[in-house]
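Me: I have a model open and would like a close look at one part of it, with the surroundings filled in as far as they help. Could you walk me through it in one go?

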Amino acid sequence: MSGSYEELAAPDTQAADGQLLVLADYTVVISGLKPRIEHETYLSKFLSKISDDENAVIYKINFNSIAKAHSAGISPKKLKGYLEKASSEPLPANVARAFDDWQAKAGRIKIRHLAVLETDDAILLEEIKHMKGMGKVITSQLKKLGVNK
């Protein structure tokens, strides 16, 4: 034998490089170990997971994703910037436009978390309203809707 021997790269080493791609159907594909470690923890807080295996994870961008991000203080513009920076390809035009539309509407939407206390006993409701501190947290009272249970 003459010459030198060069070892071939293992297939899983190549998969470790991977990439993040945003597709025109509003899916985000993260493949490879390094991109998954880098991006999955952050994006999983907002995006809806469609599938997951050892090679790749696929998320969906939808209104619910934007609402979750907005509720956590992340604007659509910031999420778009994150994806533009992380993606190995430019964002598809329709996805970029959707983020811009969501950003324009984000200031007009308020997401609030609330508790609804319901009782069919008017006297009990009055007692609760007069408990110490409850007057401060009750902001409105719904009228009976006339729905029979």
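Me: The part I mean is strand E2, which five bridges join to strand E4. Which strands pair with E2, how do they run, and what lies around them?

Reply: Happy to. Please keep in mind that this is a predicted model.

Let's start with the pairing you mention. E2 and E4 (residues 56–60) run antiparallel, with five bridges between them. One place to look at is Val29, whose bridge partner in E4 is Ile58. E2 also pairs with E1, again antiparallel, this time through four bridges. There, Val28 of E2 has Val22 standing opposite. E2 spans residues 27–31, and four of its five residues are buried, so the strand is largely enclosed by the rest of the structure.

The link between E1 and E2 deserves a pause. The two strands form a hairpin with four residues between them. Tyr26 sits in that loop and has a positive phi of about 70°, although it is not a glycine. For context, most residues other than glycine have a negative phi. With a relative accessible area of 24%, Tyr26 is partly exposed.

From E1 we can step across to the helices. E1 (19–22) is among the elements that cover the buried residues of helix H4, and the others include H2, helix H3 (63–71) and H5. The buried residues in H4 are Pro76, Leu79, Lys80, Leu83 and Ala86. Seen down the helix axis, they fall within an arc of 135°, so they line one face of H4. As background, an α-helix has 3.6 residues a turn, so residues three or four places apart point the same way. The face of H4 turned away from the buried side carries Lys77, Lys78 and Lys85, which are exposed. Lysines therefore turn up on both lists, with Lys80 among the buried residues and these three among the exposed ones.

Just after H4 comes a residue that leads back to E1. Ser87 lies in the loop between helix H4 (76–86) and helix H5 (93–106). It is buried, because its relative accessibility is 10% and the cut-off for buried is under 20%. Apart from its neighbours within four places in sequence, Ser87 is in contact with Leu20, Leu21 and Val22. Val22 is the residue that stands opposite Val28 in E2, and this brings us back to your strand. The side chain of Ser87 also has a polar atom 3.5 Å from the backbone oxygen of Leu20. A polar atom of the Ser87 side chain lies 2.7 Å from the backbone oxygen of Glu89 as well.

H4 has a further link, this time to H2, and it involves aromatic rings. There are three aromatic pairs in the count. In one of them, Tyr42 and Phe46 meet edge-to-face, with 5.3 Å from centre to centre and 80° between the planes. Phe46 has a relative accessibility of 4% and counts as buried. Tyr42 also pairs with Tyr82: the ring centres are 4.6 Å apart and the planes are at 40°, so this pair is tilted. That second pair links distant parts of the chain, since Tyr42 belongs to helix H2 (residues 33–43) and Tyr82 to helix H4, 40 residues apart. Tyr82 is partly exposed, at 23% relative accessibility. Ring pairs thus link Tyr42, Phe46 and Tyr82 into a cluster.

On the H5 side, Ala104 gives one more reference point. This residue is in helix H5 and is exposed, at 59% relative accessibility. Its C-alpha is 9.3 Å from that of Lys77, and the two residues are 27 apart in sequence.

Finally, here is the wider setting. The protein chain has seven helices and four strands, and from the N terminus on the elements run α-β-β-α-β-β-α-α-α-α-α. Buried residues make up 28% of its 149 residues. Of the contacts with a separation of 6 or more, 47% are between residues 24 or more positions apart. The chain exposes about 11400 Å², of which carbon and sulfur atoms supply 56%.

Methods
Residues numbered from 1 in each chain as written. Heavy atoms only, no water. Buried < 20%, exposed > 50% of the residue type's maximum accessible area, 1.4 Å probe, protein only. Polar contact = N/O pair within 3.5 Å; in protein donor to acceptor, adjacent residues only side chain to side chain. Contact = heavy atoms within 4.5 Å. Areas by Shrake-Rupley, 256 points an atom, 1.4 Å probe, with all protein chains shown as cover. Phe/Tyr/Trp six-rings, centres within 6.5 Å; stacked < 30°, edge-to-face > 60°. Arc of directions from axis to C-beta. Pairing = 2+ DSSP bridges.
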